[in-house]
Each structure stands twice: as structure tokens, then as C-alpha cells.
Amino acid sequence: GISGEYFVAAELSRLGYITSLTLRNTKGIDILASNIDASQQLGIQVKSSRSNRRAWLLNEKAEDYFADNLFYVFVNLKQKGEHPDFYIVPSKVVAKYVKEEHKRFLKSPGKQGQKHRNTSMRTFRDNEGSYLEKWELLGL
């Protein structure tokens, strides 16, 4: 997880933004970012994965944790020496997606036709790569 945060902070810095990793006691925000004159700021929640799947695990809190100035950056860490893939997604999009996807999951039958049990786990997917490298969504 922490390596994903450092990769995101480095990429934001490379793109010309001011970034700061938060301490572990900052609820739901891993990185604070602003434009160069600090007139606009936002919070970033980073979720990392070592697979090439475009899917990341979240918990149920993601359904209700959103704001106009809060974003997720989902990171696919690759092999040593390879540049990670970054998926930049507004928190409102994530909240809506995980809520609707979980409802679909609960209504669908399990492998043997049984009902799925409720769980606190949620998954965000970007199978089409719609949010790949979409840094401009940050609006900074």
C-alpha cells in the first residue's frame, strides 16, 4: 500500500502539483495535493494492487465516503522497473459504483444457486480503462 502512495505522490509532483503524504491518523486521505499557487486543494485515497486486473478492494465505507474534492487513485503496481498504471476516479463515482455493484451481487445467485451473504467488502472495477491516466479529472 505505501509504495502505491509514494508512486502517486511522485507522479503528481512530476506533473507539477504540490503533494504531501498524510500521517496514518488522517481518516480516508493518503495524499493532500494542490495546484502550484495553492489556490485549489484536494484529498486522495490510494488503493494499490500487484495484479494487472482493473479491480481494487474497498470496504463498505466507500459507499458513503465522497466529496467534490476527494478522489481515488487506483494503482496497478507492475514488475520492478516498470511504470505503474494509475486510474484517477472521483469519489462520487466510486461511491455510486460500489453501492450499485454490491446490490447486484446480493441479488445474483451464488455458484450453487444460493443467496450471497452480505459482506463489508466492495470492489471497484474499471474494465474498460476509462479512468487510466485521467489526471485532468483532478481539476488542479
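## A guided set of close-ups

The chain exposes an accessible surface of about 8,600 Å², and 51% of that surface belongs to carbon and sulfur atoms. Please keep in mind while you look around that this is a predicted model.

**Figure 1. The whole chain holds two helices and seven strands.** If you walk along the sequence, you meet these elements in the pattern α-β-β-β-β-β-β-α-β. Taken along the principal axes, the box filled by the C-alpha atoms is roughly 55 × 35 × 30 Å. How does the radius of gyration of the chain agree with that of a compact globule? For 140 residues a compact globule would have a value near 14 Å, and the chain, at 16 Å, agrees with this.

**Figure 2. Burial, contacts and charges give a second look at the whole chain.** Among the 140 residues, 38% count as buried. Of the contacts with a separation of 6 or more, 57% are between residues 24 or more positions apart. The chain also carries 22 positive and 16 negative charges, and the mean positions of these two groups lie 8 Å apart.

**Figure 3. His102 sits in helix H2, which spans residues 91–107.** Is His102 buried or exposed? His102 is buried, because its relative accessible area is 8%, and the cut-off for buried is under 20%. Looking beyond residues up to four places away in sequence, you will find that His102 touches Glu63, Asn118, Thr119, Met121 and Arg122. One of these neighbours, Arg122, also shares a polar contact of 3.4 Å with His102, side chain to side chain.

**Figure 4. Val93 is another residue of helix H2.** Here the relative accessibility is 30%, so Val93 counts as partly exposed. For a sense of distance, find Ser34 as well: Val93 and Ser34 are 59 residues apart in sequence, and their C-alpha atoms are 21 Å apart in space.

**Figure 5. Ala38 has a positive phi of about 60° although it is not a glycine.** Where should you look for Ala38? This residue lies in the loop that runs between strand S2 (31–34) and strand S3 (41–49). Ala38 counts as partly exposed because its relative accessibility is 40%.

**Figure 6. Glu133 also has a positive phi, of about 55°, without being a glycine.** To find Glu133, follow the chain into the segment after strand S7 (121–125). With a relative accessibility of 29%, Glu133 counts as partly exposed.

**Figure 7. Ser13 belongs to helix H1, made up of residues 2–14.** Is Ser13 buried or partly exposed? Its relative accessible area is 39%, so Ser13 is partly exposed. Which side chain makes a polar contact with the side chain of Ser13? The partner is Thr19, and the contact is 3.2 Å. A view that includes Glu136 brings in a residue 123 positions from Ser13 along the chain, with 14 Å separating the two C-alpha atoms.

How values were computed: Residues are numbered from 1 along each chain as its sequence is written. This is a predicted model: local features need pLDDT of at least 70, side-chain atom pairs count only at pLDDT 80 or more; totals for chains, interfaces and linings use all residues. Side-chain values use heavy atoms; hydrogens and water are left out. Helices (H or I, at least four residues) and strands (E, at least two) are DSSP runs, numbered from the N terminus. The radius of gyration is taken over C-alpha atoms; the globule rule is 2.2 Å times the number of residues to the power 0.38. Buried means under 20% relative accessible area, exposed over 50%, partly exposed in between (1.4 Å probe, protein chains only). Contact means heavy atoms within 4.5 Å. Accessible areas come from the Shrake-Rupley method with a 1.4 Å probe; for residues, only the protein chains shown count as cover. Lys and Arg count as positive and Asp and Glu as negative; His and the chain ends are not counted. The place of a charge is taken as NZ of Lys, CZ of Arg, CG of Asp or CD of Glu. A polar contact is a pair of N or O atoms within 3.5 Å; within protein, one must be able to donate a hydrogen and the other to accept it, and residues adjacent in sequence count only if both atoms are side-chain atoms.
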